Amino acid sequence: MEQGATPADYWRIRRELLEDTPSPGAQSERMKRHKGHPLADSIIAAIDDSAKNALQVLDNWDTDEASELALKTSIRCQLLAASDDIDGAVRLARRALREDLQTGPAQLAADYLLQRGSNRDSALHFADLESSFEMALEVRNAIRIWRGPSYRAVATAMQAAQALGNSRRAWSLSQPPPTGEATDSEATNSQVRRLALVLAADTRPDEEVRKLLAETGDSLARLEAEALMAEHRMDRQAALDLWSKAGDLATTGSEQFRIGFQIAMHGVMPRRLDALSAGNPDVTSDLRLVAEAFREVPGQFEALRAKARKRRTLAFALHRYFELRSEFAQAASAAAAAAKQWSDAEFWHIASNAYRRAGDRNAAVDSARNALQVARPHWGKHEAVYANLIEILSEEGRWGEAADAAADLMSRNPSSSAAVWALVECQVQLGQIDEAWQTYAQFGGRPSPRNEREAVLRIELWRRNQEAGESINELFEVLDAFNDSKPVRIAATKSLLFSSAELPEPVSEQIRHRLAELLPSLEDVFVPQQVDLENPMATLDRLVADRPDTSDVDRQVEQGTFPFGVFASVHHLNYVELLASWNGVVFAGDAAAFDDEVAAARAARDCDVVVDVTALKSVSFFDTEVGNQLLGHIRGSHVPLEQFLATVQAVENLSARSTMSVGKSTEGTARVHTITEQEAERRFEQARKIHARFQDVLTQERSAGSNIPRIQVEERVFVWLTSLDLALDEPRRSLWCDDAKIRQLATAMGVASFGTSALIEAMRLDKIIGDDLATALQGILISRHYVGSGFRRDWLEAAVALDGWLARGSASFIMWAAPTKSPESQVSFVIEALTRSANEPDSVQRWVEAVSWWLIRIGGKDAYSNLVLFLQRLLDQPWLRATQLPFVLAGIRAATSSAEVADPFEAALTSHYQGIAEKAGPGIASGYVRGFVQLTNSDDRSLASRIILTN
């Protein structure tokens, strides 16, 4: 004004506005000195009359000056807000910012939206916070263009971001590059630093907070930060003392409410509420209600619970009331009710955490999913909810769902190492080893492990996917970073000890050096043993001495009394590895239930079915196209996750192609069992074929609670029962399984079931496959020693043709065939097989043993007479010569000695001699018999002589 600024009236009013006034009334009196100017008149009207009238007066101010227009717009925004038309103020400010680059009105509008949105008493208020955040950033960026003071806009954006739950972005706004986006002037501003300190106390590590505390001179911010830290360490008394001191320093209404609310939740009424009480009597009343409820004033808890249905802050107080008393189920219920009331993601997140602490994981999962469903894009806690959801699902063993959540999280934030590790862990748990490596190495940017759990995962990835020679230092880096962790040392030692790679000598030397450091600290895991090099068997005897005697159980498994999986459980072995290695009899058929199983298989065509790994092994015997037909017969095929994981592990175990194992003999000593390299390769290939068939079915997790009592013992799951357990989950599904005992258990528990043989027959009856193909497939199963089905000569002929009529799978089928009223069919088939393989002594012995066993099993008290008749028939066969007789007798005696049945040879030979003597005379008969038995043992030759002499 001294320099002649015009218009003079306008500048005089501006000067008055810059001076402090004790009250609105005093301000009005000052403006009356300039009455007649629309600016002064509008201010007078706003104070003495109403904001609405003030707006009408302000409209009379006609000016083209930029500074005057900016002031007019700012005052108009304030008057609109005072008229409860915040939306109008925002529209005006946004237009002024974008058309005229006026930042003052926009700053006001951002503050109004922040204030209205912070209440969160409506689902729409979240949009206010988003708009406040966006507008504050627009103001900041506009002011930066002319290098003005942008700290106020930054402060507003920080508060909006924090209210949106995005503390990471709020922190970034306050920090200079490279960790943040603030300019130097913004980062060093006292208001921004004060907000950053309080934010750090709530979200950052204590070390960072202490550093900020040492640099601040703001007493209020210091007290708030220290109070939050005390709350985090659960020091309630220290927190109350600090909050109370902070409350005494609070001057604005927002400060007094923010701090007063914390004090009230300690059961104490704040001492200073002057600024808050002046315009917000209801808020002051709410604080008193919270304080009295937390102080257990009679009736006030009930009042708090009633009012919590209407006010968001009171709903949070109710949740906190229960939480402080460790009543987590009630706390969760209160938060969930608030979440429903306001469709509030924040409350759903709070409810999820509370349900988890209460032990209700299903409700925790549902609440987390509700949070993600209702959350708006700018809400900053998506990652925290996903992390919580993944943790809960992982604890439940619901790895598929956890993997889906982790993939969603990674798609939202591909640079998040937490998301990468979460997805990698889920994929490893699901047996998706290749996918886990892809996630880590290709899509995830190879993040470094941040904790013990991730370090173990990283070592597992290294072991499966990287060559020791090329990347050994990567393993050593992880080991060095987590050398204090025993699980990490165990994982690293396992990887180094059992590496099968051909390594250069320098790398081998490095490994030896590391193992020398690691093994002494892990002798409880990798137990050192002293080996007697002069008598190594003595060492093995000592090692197996404590193993239990399992011979009785083993025998019952081998005879089909128990399911095959019992063998895996008793010996603590991988179920699928045993299946892939097994060359013995497979008790897959159930002749008595076959028709019912065929009906179940026909009904399964349009249904979802649970497929057991035994069925996948059967399918792996067929051509890929045929296997696809069988699997495709069913609408949906599901396998339990545990069986897939066991298959993955089986492939890895058998890839070593070990040719020796050590067991315990019935005498209690070590028994060394060896196989050929070709057999080791066959087992590995069989495991790979089973694994390949898992690609054609859907892996599924079982429900959290088992449907079968004692399916899990001492944290070990009976993998062989998991398919039945999955079939029992509601809605129940049929079971396709090639273990007859498991199917019998399924039937007893009300689950329809069938085997591969029944499925083939069902498809034949439905004309999906032809008769010849069906017979060929049945023959393949029998040739693989599948037993238990009813006798079908065409099936047996198809099988025995594959075996060249030797006593292999078909002989096993005969040995374990079901009882029948007409055994002639089986015996005739074996006689023909013997005729065709008469020049193969071992095969002759096995055929005879097989049918002898069967006759004993089905004969009961007539077993001996059955054997006599069978041997008489054999002795009459034209192919039987003296060279084959010892093998025939060996086959019969292998069966009779185990079953404690009398030797039928004397009776059969007597009858045979008598028959020859009747036809040809005693002389010829005696010469023939002596020549016939000349290759048998001395007892049999003596027996023959006695028969000749006594007959």
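A cavity, as the word is used here, is a set of grid points where a 1.4 Å probe fits but cannot get out, and a residue belongs to its lining if one of its atoms lies within 4 Å of a point. With that in mind, this report looks at enclosed and open spaces in a predicted model, and then at a pair of strands beside one of them.

**Cavities**

The structure holds three cavities of 30 Å³ or more. The largest of them contains about 210 Å³ of space, and among the 17 residues of its lining, Phe564, Val585, Val586, Phe587 and Asp739 lie nearest its centre. Two or more residues of this lining come from each of helix H33, strand E1 (586–587) and helix H37 (613–619).

The second largest cavity, with a volume of about 140 Å³, has a lining of 19 residues, and those nearest its centre are Ala588, Gly589, Ser757, Leu781 and Ser789. At least two lining residues are supplied by each of helix H36 (594–603), helix H43 (756–765), helix H44 (771–783) and strand E11 (786–787).

**The second largest pocket**

The second largest pocket has a volume of about 1400 Å³. Its lining is made up of 39 residues, and Phe567, Leu573, Leu578, Ser661 and His673 are the ones that lie nearest its centre. The elements that give two or more residues to this lining are the helices H33 (551–558), H34 (565–571), H35 (575–581), H39 (641–654) and H40 (677–693), together with the strands E4 (660–664) and E5 (670–674). The largest share, five residues, comes from E4.

The classes of lining residues in these three spaces are set out below.

| Space | Nonpolar | Polar | Charged |
|---|---|---|---|
| Largest cavity | 10 residues | two residues | five residues |
| Second largest cavity | nine residues | six residues | four residues |
| Second largest pocket | 12 residues | 17 residues | 10 residues |

**The strands E4 and E5**

Strands E4 and E5, which both contribute to the lining of the second largest pocket, run antiparallel and are joined by five bridges. Within this pairing, valine 662 has valine 672, a residue of E5, as its bridge partner. The two strands form a hairpin with five residues between them, and in this hairpin glycine 668 takes a positive phi near 90°.

Note on methods:
Residues are numbered from 1 along each chain as its sequence is written. This is a predicted model: local features need pLDDT of at least 70, side-chain atom pairs count only at pLDDT 80 or more; totals for chains, interfaces and linings use all residues. Side-chain values use heavy atoms; hydrogens and water are left out. On a 1 Å grid over the protein atoms alone, a cavity is a set of points where a 1.4 Å probe fits but cannot get out, and a pocket is an open set with protein on both sides within 12 Å along at least five of seven lines; lining residues have an atom within 4 Å of a point. Grid points are joined across faces, edges and corners, and a volume is the space filled by probe spheres set on the points. Helices (H or I, at least four residues) and strands (E, at least two) are DSSP runs, numbered from the N terminus. Ala, Val, Leu, Ile, Met, Phe, Trp, Tyr, Cys and Pro count as nonpolar, Asp, Glu, Lys and Arg as charged, and the others, Gly among them, as polar. Two strands pair if DSSP finds at least two bridges between them.
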